Amino acid sequence: MNWAVHQDWMDRAIALAKEAGSAGEVPVGAMVVKGGELIAAAANRKERDHDPTAHAELLALRYASKVLKTWHLGGCALYVTLEPCPMCAGAILHARIGRVFYGVDDPKTGALRSAINLSRSPAAFHRVEVYGGIREQRCLQLIQSWFQLQR
């Protein structure tokens, strides 16, 4: 696996996360990539949209589905700066995403490896390949810095 390519995509997700943080959102960025091409990109917009479901991952999946004109995102990869929560992990499974690359574990609400692993649950109807720790220190510093400023 060409990790340099995945690191480059994560760098782009980090840039989105920084924009979200500057706008008062929890700094999370997400992108859907297929065949080396960016299909959709988004950052958290919960505060801006007054929408509890406006997580970066869900928005990126919605945009990608519109671009590709299908809800079935098999063959796509999702890059996200923070391990997805249960809501986002459920959407990832429903969208049939093939691979998820994320930056930093979320020990409180991570749902693909840390707190729980929905993709390996007996209730899971789809298996997704999950790779954590891509640009981990950059993602961790970004989120920790943002939360320190909020306190």
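Angles under 35 degrees count as roughly parallel, over 145 as roughly antiparallel, 65 to 115 as roughly perpendicular and the rest as oblique. Keep that handy for the first exercise. The model above is predicted, so local features need pLDDT of at least 70 and side-chain atom pairs pLDDT 80 or more, while totals for chains, interfaces and linings use all residues. Residues are numbered from 1 along each chain as its sequence is written, and side-chain values use heavy atoms, without hydrogens and water.

**Exercise 1.** Work out how helices H1 and H5 are oriented to each other.

*Solution.*
- Step 1: Find the helices, which are DSSP runs of H or I with at least four residues, numbered from the N terminus. H1 covers residues 3–22 and H5 covers residues 136–150.
- Step 2: Compare their axes, which are lines fitted to C-alpha atoms over the stretch in contact, with angles from 0 to 180 degrees between N-to-C directions. The two axes come within 11 Å and cross at roughly 5°.
- Step 3: Apply the cut-offs: H1 and H5 are therefore roughly parallel to each other.
- Step 4: See who touches whom, where contact means heavy atoms within 4.5 Å. H1 contributes residues including Met10 and Ile14, and H5 contributes residues including Leu142 and Trp146.

**Exercise 2.** Describe the sheet, starting from its strand order.

*Solution.*
- Step 1: Strands are DSSP runs of E with at least two residues, and two strands pair if DSSP finds at least two bridges between them. Five strands form an open sheet with mixed pairing, in the order E2-E1-E3-E4-E5.
- Step 2: Look for the edges: E2 (37–43) and E5 (129–131) each pair on one side only.
- Step 3: Follow the pairs. E1 and E2 are antiparallel over six bridges, with valine 32 partnered by alanine 40 in E2. E1 and E3 are also antiparallel, joined by five bridges, and alanine 30 stands opposite valine 80. E3 and E4 run parallel, with five bridges between them.
- Step 4: Check how covered E1 is, with buried meaning under 20% relative accessible area (1.4 Å probe, protein chains only), exposed over 50% and partly exposed in between. Five of the six residues of E1 are buried.

**Exercise 3.** Find out what surrounds aspartate 106.

*Solution.*
- Step 1: Aspartate 106 sits in the loop between E4 and E5.
- Step 2: Beyond its neighbours within four places in sequence, aspartate 106 contacts Leu82, Glu83, Ser114 and Ala115.
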